[in-house]
Amino acid sequence: MGRDLHDGIGSTLATAKLLLGRLESTLAAEEAANLTGMVKDILANAVHDVRGLSHSLYPAVLDRFGLAEALQHLADVCNETSTLEVALVIDYQQPLALAQELALYRICQELLHNAQKHAQGATLVRVQLQQCGTRVALTVEDDGCGFDIGALEASRPASGGAGLRSIEVRVQMLHARLKQHSAPGEGTRTLVEIENTSFA
């Protein structure tokens, strides 16, 4: 999010500020009109970008229809925009709190992004959201190249990658368990489990 703000909206507003500076110093009416039009266009783009960022932070479909529909929408978008097929299985009857659903949605979104970016040779990602008693489990599994988890952990900086770190933070927030299995040639499987005692 910080990168999007800096590189996108921040850069747009900085350009608008420079143009306003030029507008103050110009005396030619025609040039002033052109600069004014450019500033309006740039600010309109900034407004559009802010709306897009806010929607990505809090998906409207999640707020209106819940986690199951939000994951279905996410899978549909991935299937339309990527060559990697996403197969979704949902058994989820009793919704969690909205903050928990948002965290699970973001975890799934990041795992799908990782699969599209890193799972070389993958043709399928299976996403499962299952609820049994007080247990809610989200599983994301691909059939790609896999990797050596031990070697990755040893070479990863203490701060971790931004995507992996965001998953870990959300898992901690959920008081959930994170299990990941991968090996070269065996794909990658990630499981997030929540025990929600409020269901008991």
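**Entry 1: Glu-193**

I began with the side chain of Glu-193, which makes a polar contact with the side chain of Arg-135 at 2.8 Å. This is a predicted model, so I treat every value here as computed from it. Where does Glu-193 lie? I found Glu-193 in strand β5, residues 188-195. Is Glu-193 buried or exposed? Its relative accessible area is 8%, and the cut-off for buried is under 20%, so Glu-193 counts as buried. I then listed what Glu-193 touches, leaving out residues up to four places away in sequence. The list reads Arg-135, Val-136, Ala-137, Ala-176, Arg-177 and Lys-179. Arg-135 therefore turns up twice in my notes on Glu-193, as a polar partner and in the contact list. I also noted that strand β3 covers 135-142 and strand β4 covers 177-182.

**Entry 2: the chain as a whole**

I stepped back to the overall layout. The protein chain has 7 helices and 5 strands. From the N terminus on, I read the elements as α-α-α-α-β-α-β-β-α-α-β-β. The chain holds 200 residues, and buried residues make up 35% of them. I next checked contacts with a separation of 6 or more. Residues 24 or more positions apart account for 66% of those contacts.

**Entry 3: the nonpolar cores**

Which residues touch the most other members of the largest nonpolar core? This core has 35 residues, and I wrote down Leu-67, Leu-104, Ile-107, Cys-108, Leu-112, Val-127 and Leu-138. I then asked which elements each supply at least two residues of this core. The helices are α3 (60-65), α4 (67-81), α5 (98-118) and α7 (162-174). The strands are β2 (124-132), β3 (135-142) and β5. The largest share comes from α5, with 9 residues.

I looked at Leu-67 in detail. Leu-67 touches Leu-62, Tyr-92, Glu-101, Leu-104, Tyr-105 and Leu-129, again without residues up to four places away in sequence. There is also a second, separate core of 5 residues. I noted Ala-16, Leu-19, Val-39 and Ile-42 among its members.

**Entry 4: Glu-101 and Leu-96**

Glu-101 was in the Leu-67 list, and I followed it up. Glu-101 is found in helix α5. With a relative accessible area of 4%, Glu-101 is buried. Its own contacts, beyond four places in sequence, are Leu-62, Gly-66, Leu-67, Tyr-92, Pro-95 and Leu-96. Leu-62, Leu-67 and Glu-101 thus tie together in my notes, since Leu-67 touches both Leu-62 and Glu-101 and Glu-101 touches Leu-62. I took the C-alpha separation of Glu-101 and Leu-62, which is 8.0 Å. They sit 39 residues apart along the chain.

I moved on to Leu-96. Leu-96 lies in the loop between β1 (85-91) and α5. At 7% relative accessibility, Leu-96 counts as buried. How far apart are Leu-96 and Asn-196 in sequence and in space? I found 100 residues in sequence and 8.2 Å, C-alpha to C-alpha.

**Entry 5: the second largest pocket**

I turned to the second largest pocket, which has about 210 Å³ of space. I listed its lining as Pro-59, Ala-60, Val-61, His-73, Leu-74, Val-77, Cys-78, Tyr-105, Gln-109, Leu-112, His-113 and Gln-116. Which element gives the most to this lining? It is α5, with 5 residues. Helices α3, α4 and α5 each supply at least two. By class, I counted 8 nonpolar, 4 polar and no charged residues. Leu-112 appears here in the lining and earlier in the list for the largest core. Tyr-105 also lines this pocket, and Leu-67 touches it.

**Entry 6: around the end of α7**

My last stop was α7 and what follows it. Glu-168 lies in helix α7. At 23% relative accessibility, Glu-168 counts as partly exposed. Glu-168 and Leu-178 are 10 residues apart in sequence, with 8.0 Å between their C-alpha atoms.

His-175 lies in the loop between α7 and β4. Is His-175 buried or exposed? With a relative accessible area of 72%, His-175 is exposed. I checked its backbone too. Phi of His-175 is near 55 degrees, a positive value in a residue other than glycine.

Methods. Residues are numbered from 1 along each chain as its sequence is written. This is a predicted model: local features need pLDDT of at least 70, side-chain atom pairs count only at pLDDT 80 or more; totals for chains, interfaces and linings use all residues. Side-chain values use heavy atoms; hydrogens and water are left out. Helices (H or I, at least four residues) and strands (E, at least two) are DSSP runs, numbered from the N terminus. Buried means under 20% relative accessible area, exposed over 50%, partly exposed in between (1.4 Å probe, protein chains only). A polar contact is a pair of N or O atoms within 3.5 Å; within protein, one must be able to donate a hydrogen and the other to accept it, and residues adjacent in sequence count only if both atoms are side-chain atoms. Contact means heavy atoms within 4.5 Å. A nonpolar core is a set of buried Ala, Val, Leu, Ile, Met, Phe, Trp, Tyr and Cys residues joined through side-chain atoms within 4.5 Å. On a 1 Å grid over the protein atoms alone, a cavity is a set of points where a 1.4 Å probe fits but cannot get out, and a pocket is an open set with protein on both sides within 12 Å along at least five of seven lines; lining residues have an atom within 4 Å of a point. Grid points are joined across faces, edges and corners, and a volume is the space filled by probe spheres set on the points. Ala, Val, Leu, Ile, Met, Phe, Trp, Tyr, Cys and Pro count as nonpolar, Asp, Glu, Lys and Arg as charged, and the others, Gly among them, as polar.
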